[in-house]
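Let's take a friendly walk through this model, from single residues to packed helices and cores. The sequence and the structure come first, and the notes follow.

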Amino acid sequence: MYLSGMLTALVTGGTSGLGAAFARSLAREGFNLILVARNEDRLREVAEDLAGEYSIHVEVIAADLSDREHVERVAQRLADTSAPVDLLVNNAGFSVGTPFLSEDFSPHDVGTDVMCRAVALLSGAAGRSMMHRGTGWIVNIASIAGCVTMGQYSSIKAYVTSMTESLAVELHGTGVQATAVLPGWVRTEFHSRAGIAGSSIPNFMWLNADSVADEALADVARGKVISIPTIRYKTVFTALHHLPRPTVRWISRQVSGARKREKKA
Ligand SMILES: NC(=O)c1ccc[n+]([C@@H]2O[C@H](COP(=O)([O-])OP(=O)(O)OC[C@H]3O[C@@H](n4cnc5c(N)ncnc54)[C@H](OP(=O)(O)O)[C@@H]3O)[C@@H](O)[C@H]2O)c1
């Protein structure tokens, strides 16, 4: 399809949902893989399956990306010139449903550490190393949620989009490319981990993780800085950018309200 050769990709959160789908899509193209996540047993299981099915080399790094020392270990792997990483997918993430008004700020800290700090730091480590070779791809998983105003998760995902566009500006002319992917609702473990049933979301708005990964990687190959998989969500994205801000906030209140009612039920 697009990116090929004897290349290596590092995927954070590569054991489940979207990350696993990116890993499978890249493995199909012959990429060797480095998978990063916390659960070591699951990492080994997924790595063995991928290595067996696609005859590729799969390395694992057990790391909690909310821990600065662990993030540093992953950054060092990205900086290792003896075994270069050609493509980075900053995908690890989760829902942060804690309100800004909550007295407990720790979920916000963990959310921003994993989905903002680690994403920016690993993008920088990969970008520096790739720039020396004059080639490489950095793919950061943002969300359509970043276009609405639904708490810390929206704020974090808006940051990822903005940070990636800024990175693309810094990388311009270096041969290294940065892409932010903004998926809509995707069927993964994301919602069950957050205790969200998702029953208030209409069926036709749910996406398949493998299709999202394939479409995003095709956009990466085309050199896109912003990738929005599916026509459905391209339309949602365009609408949200043209609607008056009070209307966007009204929509955000309706969706948040439906989610709260769903959680209570
Ligand atoms: N699902 C959706 O509707 C949707 C929509 C738009 C964007 N996204 C974004 O897509 C990305 C992937 O989410 P998903 O839906 O695929 O969720 P998922 O199925 O729950 O997978 C999350 C992955 O991230 C890893 N992870 C979580 N916390 C981590 C940490 N502290 N350190 C290292 N790894 C960690 C998990 O492995 P361990 O638990 O073993 O660490 C797992 O591999 C996230 O950034 C999410 O915000 C999801």
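Alanine 239 is partly exposed, with 36% relative accessible area, and the residue sits in helix H8. In this predicted model, the C-alpha atoms of alanine 239 and cysteine 147 are 10.0 Å apart, although 92 residues separate the pair in sequence.

Other pairs that are distant along the chain can be read in the same way. Aspartate 210 belongs to helix H7 and, at 27% relative accessibility, counts as partly exposed. Its C-alpha lies 8.6 Å from that of glycine 17, with the two residues 193 places apart in sequence. Once neighbours within four places in sequence are left aside, aspartate 210 is in contact with Ala21 and Arg24.

Phenylalanine 204 lies in the loop between helix H6 (190–193) and helix H7 (209–221). Is this residue, at 55% relative accessibility, buried or exposed? Phenylalanine 204 counts as exposed, because the cut-off for that class is over 50%. Arginine 232 is 28 residues away from phenylalanine 204 in sequence and 9.1 Å away in space, C-alpha to C-alpha.

Glutamate 262 is part of helix H9, which covers residues 245–264. At 13% relative accessibility, glutamate 262 counts as buried. Which residues touch glutamate 262, neighbours within four places in sequence aside? They are Ile196, Ala197, Gly198, Ser199 and Ser200. For isoleucine 196, 66 residues away along the chain, the C-alpha separation from glutamate 262 is 7.6 Å.

Here are these pairs side by side.

| Residue pair | Separation in sequence | C-alpha to C-alpha distance |
|---|---|---|
| Alanine 239 and cysteine 147 | 92 residues | 10.0 Å |
| Phenylalanine 204 and arginine 232 | 28 residues | 9.1 Å |
| Aspartate 210 and glycine 17 | 193 residues | 8.6 Å |
| Glutamate 262 and isoleucine 196 | 66 residues | 7.6 Å |

Threonine 15 is a buried loop residue: its relative accessible area is 10%, and its loop runs between strand E1 (8–12) and helix H1 (17–28). Not counting residues up to four places away in sequence, threonine 15 touches Ala20, Ala37, Arg42, Leu43 and Val46.

Now for the backbone. Most residues other than glycine have a negative phi. Serine 55, which is not a glycine, nevertheless has a positive phi of about 50°. Serine 55 is found in the loop between helix H2 (40–54) and strand E3 (58–62), and with 68% relative accessible area it is exposed. Threonine 230 also has a positive phi, of about 80°, without being a glycine. The loop that holds threonine 230 joins strand E7 (226–227) and helix H8 (231–242). Is threonine 230 buried or exposed? At 14% relative accessibility, threonine 230 counts as buried.

Next come the helix pairs. Two packed helices are described by the angle between their axes and the distance between the axes. For helix H3 (residues 68–79) and helix H4 (residues 106–133), the angle is about 25° and the axes are 8 Å apart. Angles under 35 degrees count as roughly parallel, so H3 and H4 fall in that class. Their crossing is right-handed. On the H3 side, the contact includes Val71, Val74, Ala75 and Leu78, while Ala118, Leu121, Leu122 and Ala125 are among the H4 residues involved. By class, this contact has 10 nonpolar, 1 polar and 4 charged residues.

H4 also packs with helix H5 (residues 151–171): their axes come within 10 Å and cross at roughly 15°. H4 and H5 are therefore roughly parallel to each other, and H4 passes H5 in a right-handed crossing. Among the residues in contact are Met115, Cys116, Val119 and Ala120 of H4, together with Tyr153, Ile156, Val160 and Met163 of H5. The class counts for H4 with H5 are 12 nonpolar, 5 polar and 1 charged residues.

Finally, the cores. In soluble globular proteins, nonpolar side chains tend to be buried together. How many residues does the largest nonpolar core have? The largest nonpolar core has 47 residues, and those with the most contacts inside it are Phe22, Leu26, Leu33, Leu35, Leu50, Leu87 and Val89. A second, separate core has 33 residues, including Leu122, Tyr153, Val176 and Ala178. Two of these residues were met above: Leu122 in the contact of H4 with H3, and Tyr153 in the contact of H5 with H4.

How values were computed
Residues are numbered from 1 along each chain as its sequence is written. This is a predicted model: local features need pLDDT of at least 70, side-chain atom pairs count only at pLDDT 80 or more; totals for chains, interfaces and linings use all residues. Side-chain values use heavy atoms; hydrogens and water are left out. A nonpolar core is a set of buried Ala, Val, Leu, Ile, Met, Phe, Trp, Tyr and Cys residues joined through side-chain atoms within 4.5 Å. Buried means under 20% relative accessible area, exposed over 50%, partly exposed in between (1.4 Å probe, protein chains only). Axes are lines fitted to C-alpha atoms, for helices over the stretch in contact, and angles run from 0 to 180 degrees between N-to-C directions. Helices (H or I, at least four residues) and strands (E, at least two) are DSSP runs, numbered from the N terminus. Angles under 35 degrees count as roughly parallel, over 145 as roughly antiparallel, 65 to 115 as roughly perpendicular and the rest as oblique. A crossing is left-handed if the near helix is turned anticlockwise from the far one by less than a right angle, and right-handed if clockwise. Contact means heavy atoms within 4.5 Å. Ala, Val, Leu, Ile, Met, Phe, Trp, Tyr, Cys and Pro count as nonpolar, Asp, Glu, Lys and Arg as charged, and the others, Gly among them, as polar.
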